[in-house]
Amino acid sequence: MKEIKNNIFYVGVNDHIIDLFEGQYIVPNGMAYNSYVIMDKKIAIMDTVDAKFSHEWLDNISNVLNGKKPDYLIVQHMEPDHSANIKHFLDAYPNTTVVGNDKTFTFMENFFGSDIAKKRLVVKNNDTLELGSKTLQFVFAPMVHWPEVMFTYDITDKVLFSADGFGKFGALDVEEEWACEARRYYFGIVGKYGAQVQNVLKLAKTLDIEVICPLHGPILDDNLGYYINLYDIWSSYASEVDGVFIAYTSVYGNTKKAALELEEKLKAYGCPKVSVSDLARSDMAENVEDAFKYSKIVLATTTYNAEIFPFMNEFINHLVERNYQNKTIGIIENGSWAPMAKKVILSKLEKCKNITYLENNLTIKSALTKENRETLDLMAKELCKDYIAKSDNLANKHDLTALFKIGYGLYVITSNDGKKDNGFICNAVTQVTSQPNRISVTINKDNYSHHIIKQTGIMNVNVLSVDAPFSVFEKFGFVSGRAKDKFEGETLPKSDNGLVYLDKYINSFMSLKVEQYLDLGTHGMFICSLTESRVITDKETMTYTYYQEKVKPKPDTEGKKGYVCTVCGYVYDETDELPEDYVCPLCKHPASDFEKIK
Ligand code: FEO
């Protein structure tokens with residue numbers, strides 16, 4: 001029997017008889033049920049094995065014991081692939097004390113009756129057991145993969161016995177790569193319990209581990225960071241591979257054709273990895289594994305009995321059961337008279353967290369048309385947006401929408417023209433130096449506030465907070481102060497420079513004195529010193545992105561054609577192209593702030 005480390009021996013067995021592990025997973029290379037003997041002043045056996053291997057396993061133990069008797073049988077997991085031989089073992093070694101937790105013994109009685117294990121040691125989380133020179137510590141790992149599961153840490157030898165954790169499909173007498181079958185095993189069997197695995201990993205980081213002894217698969221004694229990192233990725237539902245997994249079902253080949261054409265397009269647009277699978281003709285567990293492995297997935301399927309094709313239905317059920325999340329998903333549906341698949345898929349995936357759906361999805365009505373292929377191209381481009389952008393050959397190197405990604409806060413700049421107070425919405429406020437503090441404020445020359453501040457040399461910057469409603473933006477952003485008294489009938493507090501500041505919807509304000517003016521053509525930049533600054537609340541600052549997503553009402557573009565102003569929602573309801581020099585009649589923003597209505 002193989003010695004793993006300092007009198008710790010392997011006594012497990014290989015199973016090449018099994019057809020389906022846990023009654024559902026194909027295991028072409030069999031399965032290993034691991035068990036260990038720890039020889040010390042006291043002798044401990046770590047778990048039993050599957051029912052089919054009682055004698056082989058007891059022989060293995062007997063060879064290591066060499067006439068001695070075991071003191072403890074430690075039961076880390078009660079699933080029958082590890083517990084089936086508890087009774088046989090106790091028949092052979094009746095004086096052994098069985099070690100487990102409260103739940104272990106409940107499950108043991110459920111399987112074997114209340115007479116089982118008369119000598120018991122019930123342990124609590126983090127309890128230790130002295131064997132002589134070695135000390136074992138029990139670390140509970142509930143739901144990895146049953147509630148009673150506990151790991152055992154040999155403090156002396158730095159060996160972690162990890163129950164199903166770090167296990168894989170495959171017998172130990174077959175050479176194969178660890179990750180593929182460990183991943184299929186993980187997502188099939190433990191995938192739902194990512195949060196619980198994360199808890200155990202956090203705990204494992206506090207232990208000094210040199211060897212991991214799982215109940216399935218090889219003993220890991222080298223490069224442990226590799227395995228722990230993969231477990232971290234899997235259990236945190238991060239993606240291991242940047243690329244697209246296309247999972248399809250096809251009745252007469254038309255949906256398959258769309259899947260394969262999409263594959264070609266993705267490759268042409270620089271997708272680093274594409275995998276395509278026919279769900280009806282491949283291992284479902286392998287498909288589930290790939291769905292978690294890839295960052296993006298396309299589901300292509302037919303409508304069937306007003307639902308979706310059975311294999312796709314089963315596939316999605318597997319994903320949802322396992323807390324599928326953090327992915328980008330595209331949908332190709334096919335339906336000759338009433339395509340329903342997309343609607344059904346979306347409702348099935350409703351519970352999944354943090355899913356980004358493509359804007360471009362495809363509906364085929366029987367066979368691919370020219371228009372379908374154009375949509376397929378849009379899908380491919382959307383899926384490959386980041387790959388195209390990173391490609392020297394394919395990227396648009398002059399994409400001015402990059403400028404929209406600059407983060408902006410939103411401010412109301414208040415001033416006074418000598419007769420009335422004025423305020424307007426500005427997003428171009430920046431602290432440019434700190435010694436001394438200098439703030440730049442850039443204002444369009446068409447704006448009445450530019451005129452006032454040029455004359456008076458002072459202004460207040462009111463920093464809007466996230467509670468500011470849309471009416472604030474309407475009031476200060478959509479009309480000119482030359483035509484309207486924006487503070488009519490209001491009495492607002494004033495700062496030391498005599499200018500008003502807003503009494504609500506701001507978290508702070510700053511009073512500025514203009515020190516320099518920079519003529520930028522259409523705009524003027526005021527570089528200012530700070531004469532006063534007050535913090536009013538601790539609320540978050542309103543950003544342009546927050547305003548767009550949470551404050552601005554969605555424009556009513558239903559049934560309209562043309563362009564919509566992304567700032568105020570004004571619709572340019574014309575079918576012709578938006579003129580380049582067009583200015584929004586409502587908020588005065590330029591044509592670049594408009595987008596085409598889809
Ligand atoms: Fe290997 Fe959960 O049993």
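Here is a walk through some features of this predicted model, from a sheet and its cavities to salt bridges, a pocket and a few backbone details.

Let's start with an open sheet of five strands, laid out in the order S12-S13-S14-S15-S16 with mixed pairing. The edges belong to strand S12 (128–130) and strand S16 (211–213); each has a single partner strand, so one side of each is left without a neighbour in the sheet. Neighbouring strands here are turned against each other by 20° on average, if you ignore direction. In general, strands of a sheet pair through backbone hydrogen bonds, either parallel or antiparallel. For an antiparallel case, look at strand S14 (residues 150–154) and strand S15 (residues 159–161), which are joined by three bridges. If you want a spot to zoom in on, tyrosine 153 sits opposite leucine 160 in S15.

Leucine 160 turns up again when you go looking for enclosed space. The structure has two cavities of 30 Å³ or more. The largest holds about 50 Å³ of space, and its lining is made of Val144, Phe151, Gly165, Phe166, Val197, Val200, Leu201 and Tyr231. Which helix gives the most to that lining? That's helix H6 (residues 194–204), with three residues. By class, this lining has seven nonpolar residues, one polar and no charged ones. Since Gly counts among the polar residues, the polar entry is explained by Gly165.

The second largest cavity comes in at about 30 Å³. Around it you'll find Val139, Phe151, Leu160, Val200, Leu203, Ala204 and Leu207. H6 gives the most here too, again with three residues. This lining has seven nonpolar residues and neither polar nor charged ones. Phe151 and Val200 appear in the linings of both cavities, and Leu160, the residue across from tyrosine 153, is part of the lining of the second largest one.

Now for the charged side chains. Side chains of opposite charge can pair when their charged atoms come close. This structure holds 25 salt bridges. One of them brings together glutamate 210 and lysine 5, at 2.5 Å from N to O. Glutamate 210 lies in the loop between H6 and S16, while lysine 5 is in strand S1 (residues 3–5), so this pair ties together parts that are 205 residues apart in sequence. Is glutamate 210 buried, partly exposed or exposed? With 38% relative accessibility, glutamate 210 counts as partly exposed.

The loop between H6 and S16 has another salt bridge to offer: aspartate 208 meets lysine 158 at 3.0 Å, N to O. Lysine 158 sits in the loop between S14 and S15, so here the parts tied together are 50 residues apart in sequence. Both partners count as partly exposed, aspartate 208 at 42% relative accessibility and lysine 158 at 28%. Elsewhere, Asp15, Asp50 and Lys52 are joined into one network by salt bridges that share partners.

For a local pairing, head to helix H3 (residues 86–92), where lysine 87 and aspartate 91 both lie, four residues apart, or about one turn of the helix. Their side chains meet in a salt bridge at 3.5 Å, N to O. Lysine 87 is partly exposed as well, at 42% relative accessibility.

Next, a pocket. The second largest pocket has a volume of about 340 Å³. It's lined by 18 residues, and the closest to its centre are Thr302, Thr303, Asn334, Gly335 and Ser336. Helix H8 (254–268) and strand S19 (294–304) each supply at least two lining residues, with the largest share, three residues, coming from S19. What classes of residue make up this lining? There are seven nonpolar and 11 polar residues, and no charged ones.

Finally, a few backbone details. Glutamine 435 and proline 436 are joined by a cis peptide bond, with omega at about 0°. Proline 436 lies in the loop between strand S26 (429–434) and strand S27 (437–444). Two residues other than glycine are also worth a look for their positive phi: asparagine 6, near 35°, and tyrosine 505, near 65°. Asparagine 6 is in the loop between S1 and strand S2 (8–10) and is partly exposed, at 42% relative accessible area. Tyrosine 505 is placed in the loop between helix H15 (470–477) and strand S29 (506–519), and is partly exposed too, at 26%.

How values were computed. Residues are numbered from 1 along each chain as its sequence is written. This is a predicted model: local features need pLDDT of at least 70, side-chain atom pairs count only at pLDDT 80 or more; totals for chains, interfaces and linings use all residues. Side-chain values use heavy atoms; hydrogens and water are left out. Two strands pair if DSSP finds at least two bridges between them. Axes are lines fitted to C-alpha atoms, for helices over the stretch in contact, and angles run from 0 to 180 degrees between N-to-C directions. On a 1 Å grid over the protein atoms alone, a cavity is a set of points where a 1.4 Å probe fits but cannot get out, and a pocket is an open set with protein on both sides within 12 Å along at least five of seven lines; lining residues have an atom within 4 Å of a point. Grid points are joined across faces, edges and corners, and a volume is the space filled by probe spheres set on the points. A salt bridge is a side-chain nitrogen of Lys or Arg within 4 Å of a carboxyl oxygen of Asp or Glu. Buried means under 20% relative accessible area, exposed over 50%, partly exposed in between (1.4 Å probe, protein chains only).
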